[in-house]
Amino acid sequence: MSRFWSELTHGLSPYVPGEQPQIPGLVKLNTNESPFGPSPKAIAAIQAAAGETLRLYPDPQATRLREVLAAHHKVAPEQVFVGNGSDEVLAHAFAALLKQPAPLLFPDVTYSFYPVYCRLLGIDFTTIPLDAEMRVHVDDYLDRKGPVIIANPNAPTGIALPFAEIARLVSARSDAAVVIDEAYVDFGAETAIPLVAEHPNLLVVHTMSKSRALAGLRVGYAIGDAGLIEGLTRVKDSFNSYPLGRPAQAGAIASIEDDAHFQEARAAIMENRAELTAALVRLGFDVLPSSANFVFARHPDRSGQTLASALRERAVLVRHFTAPRIKDYLRITIGSKAELSRLTDALREVLAQNG
Ligand code: PMP
């Protein structure tokens, strides 16, 4: 605290990211990173970009990367926006599109960065409760006024809405911007990108941190109507002209071009998710049906806090949230098979002790 803080700074309640501790032999299943490395072609491209040309600024428009993403998603480059991780893309979307006279709508249980952006940017918001099974109901968003942001699959539940439901939302709410945060879409949900052509109010946000294993590079992007993208670009160019350095642009391009590596990694994660879900059910957990690279699970006999601490003592890190509705759940990232057996062995040991 300092007396030189602005009123804005006093009023913030910053997002708390999952820990990145240095514990030897740690099984790290707390921040939804990929257990597999990025495409070797992406690593080679990043290394090649780490040379003498670093004295030059990168392309402020990331033209080549936007062209490659446009071709990949079958849209025009004017419909693509890139940023320093999808967190930055989301922040710009909040400023450019989601600050409106009517409060922004999002679920009561979702990515906890959304209310943080609202406080930073002075955006009024209304949360809409998930149902008892932790599902989003599109109908709850139809007879209202404000813009909407929904993570699909939702975080931290992992539950996905079908394409037809997103289509219904975007059509019924043609009066407002609708942002669909698809950070986890590649692990079994269906993208809303095909709706962009018909719906000038839809922005779909993706990240290269999860399914492309590039969390350390910080690349995210959005696909939407050219008018929406122009709005994001106005905000970006009022904030930072060069959010993506040369290595980031080169690595992201090479990653998109390596489809074989991407398909293999996501298939392996989905297979490991099915195995982990079955193992957790055998241990007595309730596991929500996940379409993401994590599962959200609770045990009837132990609190979330007890389990998370007992796992930590065994050098297994999972994410635990303290918000009342989700405090008994653990969010467990889908790791490698070896990491997941370390987790299930540790859980078996913990559950065998008297609660
Ligand atoms: N959206 C959701 C739903 C997330 O869980 C995350 C990861 N914390 C992000 C966006 C941001 O990811 P990144 O900034 O690494 O692209």
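Student: Which residues touch the most other members of the largest nonpolar core?

Tutor: In this predicted model, the residues that touch the most other members of the 49-residue core are L65, M134 and L169. Elements that give two or more residues to this core include α3 (63-73), β5 (148-151), α6 (163-172) and α8 (246-257), and the core draws at least three residues from each of domain 1 (19-37 + 260-353) and domain 2 (40-257). Leaving out residues up to four places away in sequence, L65 touches V82, V219, L244, Q249, A252 and I253.

Student: What makes M134 a buried residue, and what is notable about its backbone?

Tutor: The relative accessibility of M134 is 4%, and because buried means under 20%, M134 counts as buried. M134 lies in the loop between β4 and β5, where it has a positive phi of about 70 degrees although it is not a glycine.

Student: Which residue in the loop between β1 (27-29) and α2 (40-49) has a positive phi?

Tutor: That residue is N32, found in the loop between β1 and α2, with a phi of about 55 degrees although N32 is not a glycine. At 1% relative accessibility, under the 20% limit, N32 therefore counts as buried.

Student: Why are strands β3 and β4 called paired?

Tutor: Two strands pair if there are at least two bridges between them, and 4 bridges join β3 (residues 104-107) to β4 (residues 125-128), so the pairing follows. The two strands run parallel, with L105 standing opposite T126 in β4. From β3 the chain crosses through helix α5 (residues 113-121) to β4, and this β-α-β crossover is right-handed.

Student: Why is the pair of F106 and F125 called stacked?

Tutor: The ring centres of F106 and F125 are 5.1 Å apart, which is within the 6.5 Å limit for a pair, and the planes stand at 20 degrees, under the 30 degrees required, so the pair is stacked. Because F106 lies in β3 and F125 in β4, the pair ties together parts that are 19 residues apart in sequence.

Student: Are F106 and F125 buried or partly exposed?

Tutor: F106, at 2% relative accessibility, is buried, whereas F125, at 26%, falls between the 20% and 50% limits and therefore counts as partly exposed.

Student: Why is the pair of Y184 and F294 called edge-to-face?

Tutor: The centres of Y184 and F294 lie 4.9 Å apart and the planes make 85 degrees, which is over the 60 degrees required, so the pair is edge-to-face. The pair links distant parts of the chain, with Y184 in the loop between β6 and β7 and F294 in strand β10 (residues 294-298), 110 residues apart. Both Y184 and F294 are buried.

Student: How do you know that Y114 is buried, and with which residues is Y114 in contact?

Tutor: The relative accessible area of Y114 is 0%, and because this is under 20%, Y114 is buried. Y114 has its place in helix α5, and, leaving aside neighbours within four places in sequence, Y114 is in contact with L90, F94, F106, I149, I150, A151 and D181. Y114 also belongs to one aromatic cluster, whose members include Y15, F94, F106 and F125.

Student: Where are the cis peptide bonds that lead into P153 and P156?

Tutor: One cis bond joins N152 and P153, with omega about -5 degrees, and another runs from A155 to P156, with omega near 5 degrees. P153 is found in the loop between β5 and α6, and P156 is likewise found in the loop between β5 and α6.

How values were computed
Residues numbered from 1 in each chain as written. Predicted model: local features only at pLDDT ≥ 70, side-chain atom pairs only at ≥ 80, totals over all residues. Heavy atoms only, no water. Right-handed = clockwise from strand over helix to strand, strands pointing away. Core = buried A, V, L, I, M, F, W, Y, C linked by side-chain atoms within 4.5 Å. Buried < 20%, exposed > 50% of the residue type's maximum accessible area, 1.4 Å probe, protein only. Domains from an automatic or database assignment. Contact = heavy atoms within 4.5 Å. Phe/Tyr/Trp six-rings, centres within 6.5 Å; stacked < 30°, edge-to-face > 60°.
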